[in-house]
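Here is a walk through one protein chain. Keep the sequence and the 3D view side by side as you read.

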Amino acid sequence: MKLQTSLLRLAAPLALGGTLLAQGADLCANAQPIAGAGIFAFDNTAALTDGLPDTACFFFNQDNIDNDVWFSWQAPNDGTFIASTCGQTSIDTRIAIYDGSCAGNVLTCNDDSCGTLQTEVTWAALAGQTYIIRLGNYPGAAPGTGFMELREDLPFENPANGHHYQLMP
């Protein structure tokens, strides 16, 4: 069963459009392009911190993200999207989404939002707009490896009446 779970973890990114080769770039200026929805590997074990502190990331008396790695992603359509490390790593992650560039506004940032040390962020995206994803860890926490899932937050449909419902955090 454990081998089967491990194989599924390795195959899922390829089936969902992600790539196991995506690890994130150490410098924001070289943010690694990723596309579509999927599960993307990250490795921040050797990453330095080049992002600046931001009040949007102020959690637990810290406003920075250590050992950050960077991804560049273009929204395929208008919608609400989620970037999540929940259940996909053992490290204490933080995620921030920047509008368009490394110098763009921080649209959202979060820490420990899964009931664990992992995190999830949600933001409204516009088709064709580029977003910079900064993923790292709580200042002073150990870096490591894991996966980030990127997905659209689609409403649920009640088959009995055809109504759509959006889950609220």
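**From a loop contact to the core**

Leaving aside neighbours within four places in sequence, Asp54 is in contact with Asp63 and Val106. This is a predicted model. Asp54 sits in the loop between strand 2 and strand 3. Val106 is 52 residues away along the chain, yet the two C-alpha atoms are separated by 7.7 Å. A polar atom of the Asp54 side chain also lies 2.8 Å from the backbone nitrogen of Ala56. Is Asp54 buried, partly exposed or exposed? Its relative accessible area is 26%, so Asp54 counts as partly exposed, because buried means under 20% and exposed over 50%.

Now step back to the whole chain. The protein has one helix and eleven strands. The helix comes at the N-terminal end of the order, and the strands follow it. Of the 169 residues, 39% are buried. Take the contacts with a separation of 6 or more: residues 24 or more positions apart account for 70% of them.

Next, the interior. In soluble globular proteins, nonpolar side chains tend to be buried together. Here the largest nonpolar core has 21 residues. Those with the most contacts inside it are Ile34, Trp73, Trp123, Ile133, Met148 and Leu150. Several strands each supply at least two residues of this core, among them strand 3 (66-74), strand 7 (120-125), strand 8 (130-137) and strand 9 (145-152). Strand 2 (38-43), strand 4 (79-84) and strand 5 (93-99) do so as well. Another core lies apart from it. That one has ten residues, including Ala31, Ile65, Ala96 and Tyr98.

Look at Leu150 in the largest core. Which residues does Leu150 touch, not counting residues up to four places away in sequence? They are Ile34, Gly36, Ala37, Gly38, Phe40, Trp73, Ile82, Ala83, Trp123 and Ile133.

Two of those contacts are tryptophans, Trp73 and Trp123. Across the whole structure, a search finds six aromatic pairs. Trp73 and Trp123 form an edge-to-face pair, with 5.8 Å from centre to centre and 80° between the planes. This pair links distant parts of the chain: Trp73 belongs to strand 3 and Trp123 to strand 7, 50 residues apart. Both tryptophans are buried. Ring pairs also join Trp73 and Trp123 with Phe81 and Tyr131 in a cluster.

Turn to the loop between strand 4 and strand 5, where Thr85 is found. Thr85 is buried, with a relative accessible area of 0%. Outside its neighbours within four places in sequence, Thr85 is in contact with Phe42, Thr93, Ile95, Gln118, Thr119, Leu135, Phe147 and Met148.

Asp92 lies in the loop between strand 4 and strand 5 too. What is the nearest side chain of opposite charge to Asp92, and how far away is it? It is Arg94, at 6.2 Å. Asp92 is buried yet has no salt bridge, because a salt bridge needs the nitrogen within 4 Å of a carboxyl oxygen. Beyond residues up to four places away in sequence, Asp92 touches Asp111, Asp112, Leu117, Gly136, Asn137, Tyr138 and Ala141.

Follow Arg94 to its partner. Side chains of opposite charge can pair when their charged atoms come close. Arg94 forms a salt bridge with Asp111, and the closest N and O atoms are 3.2 Å apart. Arg94 is in strand 5 and Asp111 in strand 6 (residues 106-111), 17 residues apart. Asp111 is buried, at 3% relative accessible area. Arg94 is buried as well, at 0%.

The salt bridges in the structure come to four. Another joins Asp68 and Arg134, at 2.8 Å from N to O. Asp68 is in strand 3 and Arg134 in strand 8, 66 residues apart. Asp68 and Arg134 are both buried.

Finally, compare Arg151 and Glu120. Their closest N and O atoms are 3.6 Å apart, in a salt bridge. Arg151 belongs to strand 9 and Glu120 to strand 7, 31 residues apart. Arg151 is partly exposed, at 28% relative accessibility. Glu120 is partly exposed too, at 25%. Together with Glu149, these residues are linked in a network of salt bridges.

How values were computed: Residues are numbered from 1 along each chain as its sequence is written. Side-chain values use heavy atoms; hydrogens and water are left out. A nonpolar core is a set of buried Ala, Val, Leu, Ile, Met, Phe, Trp, Tyr and Cys residues joined through side-chain atoms within 4.5 Å. Buried means under 20% relative accessible area, exposed over 50%, partly exposed in between (1.4 Å probe, protein chains only). Helices (H or I, at least four residues) and strands (E, at least two) are DSSP runs, numbered from the N terminus. Contact means heavy atoms within 4.5 Å. A polar contact is a pair of N or O atoms within 3.5 Å; within protein, one must be able to donate a hydrogen and the other to accept it, and residues adjacent in sequence count only if both atoms are side-chain atoms. Rings of Phe, Tyr and Trp (its six-membered ring) pair if their centres lie within 6.5 Å; planes under 30 degrees apart count as stacked, over 60 as edge-to-face and the rest as tilted. Lys and Arg count as positive and Asp and Glu as negative; His and the chain ends are not counted.
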